[in-house]
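Here are my notes on the model, in numbered points. Please read them with the coordinates open.

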Amino acid sequence: MTSLLHAAYNSSQFREQGHLLIDLLADYLQNIDTQSANKWTKPAEQLHLWENDARQTNADVSSFFEMVLADSIHLHHKKYMGHQISPAAPVAALSSLLSAFLNNGMAVYEMGASASALEKIVTDIFCKVLGYSEQAGGFLTSGGTLANLTALLCARQVCGGNDIWQEGQQEKLAIMVSEEAHYCIDRAARIMGLGAEGIIKVPTDQHFMMQTNLLEDLLDKAQKQGKKVFAIIGSACSTSTGSYDDLEAIANFAEKHRIWLHIDGAHGGAAAFSQKYKYLLKGVHKANSIAIDCHKMMMVPSITTALLFRNESDSFQTFAQKAQYLWDNAEEKEWYNYGKRTLECTKLMMSIKVYSLIRTYSVQVFDDFVTTLYDLGRTFAQMISAHPKFELATSPSANIVCFRLVKNKMSQEQLNELNGAIRKNILEKGDFYIVQTAVRGKIYLRTTLMNPFTTEKELSELLHYIENLAL
Ligand SMILES: *Cc1c(COP(=O)(O)O)cnc(C)c1O
C-alpha cells in the first residue's frame, strides 16, 4: 500500500474533514443573508484564481472548501431569484454525500439494493399523487433533458408504427410541441433523427400556452405531407414564463389520434403535491409519461428526475436490448434492475435523496415548498402590476415571474437594451441574482422564486433597486 493511497482513504482524516465541511455549510446556511447572493468575477479572473491554487499541493482541504463556497452562487440566499434549481435541503444534501460515498452503481439491483427498493417506493408515490392507476410506474434518471429523451424514445418504439429498435425508422416521423417548450425537446427530436421537419411547433396564445384549437389542422397538414405524428409534448410548465399548457385538451386530442402524450413537468410537475395548485395539472393522469425534476421544485440536490409512465410496462419497451453480462434474463420486466429502462448504466443513488425528505418531513414538505413559492409568484406579480414603471410578460401560474421596466417614449429596441443593461448590472453587483429571457422579441427580467424564505421585503427591494439604477 502506497502512502498516498493510505492517506486518501484515511478514516480519521475523513472524519476531521467532514466535520469541518458540515460546520462550514451550517455557518453558511445560518449567515448567508449577511453576504451577497452572488460574487461576480470575470471568467478569466476566476480561472486565474484557480490557476494560482493549482500550482501548489495543499493538504488543508478546508481552505479549498472555503474558496469554492466564496466563488459559487448562493441558492440559499433570499435574493437568489434566478435559474430554477432548488436550494438543497440539508438532509437531502447529506443523502447526496451518502450516495457519493457508497457509490452503488444502480444499473442492477445487487449494485444498490436499498436505493433500488427506495426508487420503487419514491416513484410509486409520484404515480399516486399524479392520479395514475396501479398499472403505473417509473424510475429516476439524471435530469429532465435525459428523461424527456428517454420518454420520446419509448413513445417512438410504442407508437412509431414498426419495431424501430430492430428495424430502424421506416416512416417520416414527427412530434408536436409548443413553440415555448424547453429546447431539450427540440434537441431530443434531432438526436432521434427526426430533423427540423419532424418537429411540428404549435403556436402559443397571449399567455404562452399551446393553442390547442390548432392541433387538428396541424395534424391534418402533417399527415398530408406524409408524416406520422407519434408524440405530442405538453409543457407543465414552460421554462421561460412558467405557463402550463391545457393538458386535458391535449390529452383528448392525443387519445383520439392514438398519439403518445408526454408531459414535460421538469419544473412544474411537482405542483401535483400542492393541494392548492394541483389544478394546474388537470388531465395529467391521462398522459402516457411525465418527467419531473426533483432538483427544481422539490428541494433535492442536482441531479434527480422522476420519469413516470401511466403503463409501467411501456417503459420496458424503450430499450429492448440484451446485455447478458448484466441480466440473466434480459426479457423479464423486473422493476428492480433499473438499467433495463434507463439510458444510463451507472447512476447516482437518487432515490435516497428524495426519500430522506419524505421520511424526515413527510410528503407534505413538497406541498409546502411548491405552494409557498407559487403564492409568492402571485404576490410578486401583484406588486409589479401595481407599480407604474413595471410591466408583466403575463400573469404567472407558477413561481416564474417575467417583467420589465418601461419608460415613456422608448422604442422596443431601447426597452430591450435598457432591460438587458439592468440584468447585466444586477449580475455584476451581485446583491440579487436574476436572469433574463426574450419572448416574442421583448427582453424581460426573469425571476424564479426558488427560495421559500424570500419575502415581499426582498421583492420590493428588488423593484426599488431596479428603479433607482441610473441607466
Ligand atoms: C429545466 C427544464 C428542463 C431541463 O431539465 P434538466 O434537469 O436541466 O436537464 C426541461 N424542461 C423544462 C420545462 C425545464 O424547466
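1. Start with the character of the ligand shell. In this predicted model, the residues around the ligand divide into 9 polar, 3 charged and 3 nonpolar.

2. Which residues come nearest to the ligand? Of the 15 around it, they are Gly144, Thr145, Asp264, Asp293 and Lys296.

3. Three side chains deserve a look for their polar atoms. Asp264 places a polar side-chain atom 2.6 Å from a nitrogen atom of the ligand. For Lys296, an N or O atom of the side chain is 3.0 Å from a ligand oxygen. For Gln84, the side-chain N or O atom is 3.4 Å from an oxygen atom of the ligand.

4. How much of the ligand does the protein cover? On its own, the ligand has 380 Å² of accessible area; the protein covers 87% of that.

5. Two elements give two or more residues each to the shell: α7 (144-159) and α12 (294-297). The largest share is that of α7, with 3 residues.

6. Now the seven-stranded sheet. It is open, and its pairing is mixed. The strand order is β1-β7-β6-β5-β4-β2-β3. At the edges are β1 (137-141) and β3 (199-202), each paired on one side only. From one strand to the next, the twist averages 20 degrees.

7. Inside that sheet, check the β6/β7 pair. Strands β6 (residues 289-293) and β7 (residues 305-309) run antiparallel and are joined by 5 bridges. Opposite Ile290 stands Leu308 of β7.

8. Helix α11 (residues 247-256) lies across three strands: β2 (172-178), β4 (227-235) and β5 (260-264). Against β4, the helix runs at about 160 degrees.

9. There is also a four-stranded sheet. It is open too, but the pairing here is antiparallel, in the order β8-β9-β11-β10. Its edge strands are β8 (390-392) and β10 (435-439), and each pairs on one side only. With direction ignored, neighbouring strands are turned by 40 degrees against each other on average.

10. Within this sheet, β9 (residues 400-405) pairs with β11 (residues 442-448) over 4 bridges, in the antiparallel sense. Ile400 has Thr448 of β11 as its bridge partner. Helix α16 (residues 456-467) packs on the sheet and touches β8, β9 and β11. The direction of α16 makes about 25 degrees with that of β9.

Technical notes. Residues are numbered from 1 along each chain as its sequence is written. This is a predicted model: local features need pLDDT of at least 70, side-chain atom pairs count only at pLDDT 80 or more; totals for chains, interfaces and linings use all residues. Side-chain values use heavy atoms; hydrogens and water are left out. Two strands pair if DSSP finds at least two bridges between them. Axes are lines fitted to C-alpha atoms, for helices over the stretch in contact, and angles run from 0 to 180 degrees between N-to-C directions. Contact means heavy atoms within 4.5 Å. A residue is near a molecule or strand if one of its heavy atoms lies within 4 Å of it. A polar contact is a pair of N or O atoms within 3.5 Å; within protein, one must be able to donate a hydrogen and the other to accept it, and residues adjacent in sequence count only if both atoms are side-chain atoms. Accessible areas come from the Shrake-Rupley method with a 1.4 Å probe; for residues, only the protein chains shown count as cover. Ala, Val, Leu, Ile, Met, Phe, Trp, Tyr, Cys and Pro count as nonpolar, Asp, Glu, Lys and Arg as charged, and the others, Gly among them, as polar.
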